[in-house]
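Reader: I'm new to reading protein structures. Could you walk me through one?
Author: Happily! Let's look at it together.

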Amino acid sequence: MTERPRNPSPREQELLDAAYVYVLEHGLAATSLRPLAAAIGSSTRVLMFLFGNKDGLIRAILARARREELDALRSAAPADADLATTTLALWRWLSAEAHRPVLRLWVESYSRSLVDPDGPWGGFAEQTVNDWLTLLDRGNPGSRAEATVALAVLRGALLDLLATSDQTRTDRAITAFTESMAQP
């Protein structure tokens, strides 16, 4: 497979953006090139030319989702904050109703990465763990272990929130966790 150019054409970017929106609405599991192409005003032939194949398109969509999520999370957490403040700020972004579609895509991609590491989502779970640890370490550079605990709590609360929609309970849990971090 030929490598994609570093600077995508405007049409390639437009189709990638449209495919990303489509996947946010429909998920990855049921994504088929023909219906996707029709929904975004393209053809399977054009998508194959631009992305190589369905796996290439999925990799491009996941890379776009990951970049977008990281940029948003970086801007949500104060650069000079401690780990508790950073954790709470990240939770506020993660738990916002408007972000549920991208987080459902994250969960689907994360789990597929674990089950099918040779698929287009291969490495996604490990990359996101490292991404999130880097964000959490920003406020507490000396403690990867503490950042790992914060990540585990965030990830667990996020899965719980997505499964139950119980915002109040998960907010309280994260608040209690971050308050306990400040205690000696």
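Reader: Leaving aside its neighbours within four places in sequence, which residues is Ser42 in contact with?
Author: Keep in mind that this is a predicted model. Setting aside those neighbours within four places in sequence, Ser42 is in contact with Arg11, Leu15, Ala37 and Leu47. You will find Ser42 in the loop between α2 (33–39) and α3 (44–51).

Reader: Is Ser42 buried or exposed?
Author: Buried means under 20% relative accessible area. Ser42 has 19%, so it counts as buried.

Reader: Arg11 was on that list. Which residue does Arg11 form a salt bridge with?
Author: Its partner is Glu14, with the closest N and O atoms 2.9 Å apart. Both sit in helix α1 (residues 10–26), and because they are 3 residues apart, about one helical turn separates them. Arg11 is partly exposed at 35%, and Glu14 is partly exposed at 47%.

Reader: What about salt bridges between helices?
Author: Try Arg64 and Asp17, whose side chains meet at 2.9 Å, N to O. Arg64 lies in helix α4 (residues 54–76) and Asp17 in helix α1, so this pair ties together parts 47 residues apart in sequence. Arg64 is buried at 17%, whereas Asp17 is partly exposed at 26%. Asp17, Arg64 and Glu68 are linked in a network of salt bridges.

Reader: How many salt bridges does the structure hold?
Author: It holds 10.

Reader: And what should I know about phi?
Author: Most residues other than glycine have a negative phi. Ser165 is not a glycine, yet its phi is positive, about 60 degrees. Ser165 is in the loop between α8 (144–164) and α9 (167–182).

Methods. Residues numbered from 1 in each chain as written. Predicted model: local features only at pLDDT ≥ 70, side-chain atom pairs only at ≥ 80, totals over all residues. Heavy atoms only, no water. Helix = DSSP H or I, 4+ residues; strand = E, 2+ residues; numbered from the N terminus. Buried < 20%, exposed > 50% of the residue type's maximum accessible area, 1.4 Å probe, protein only. Contact = heavy atoms within 4.5 Å. Salt bridge = Lys/Arg side-chain N within 4 Å of Asp/Glu carboxyl O.
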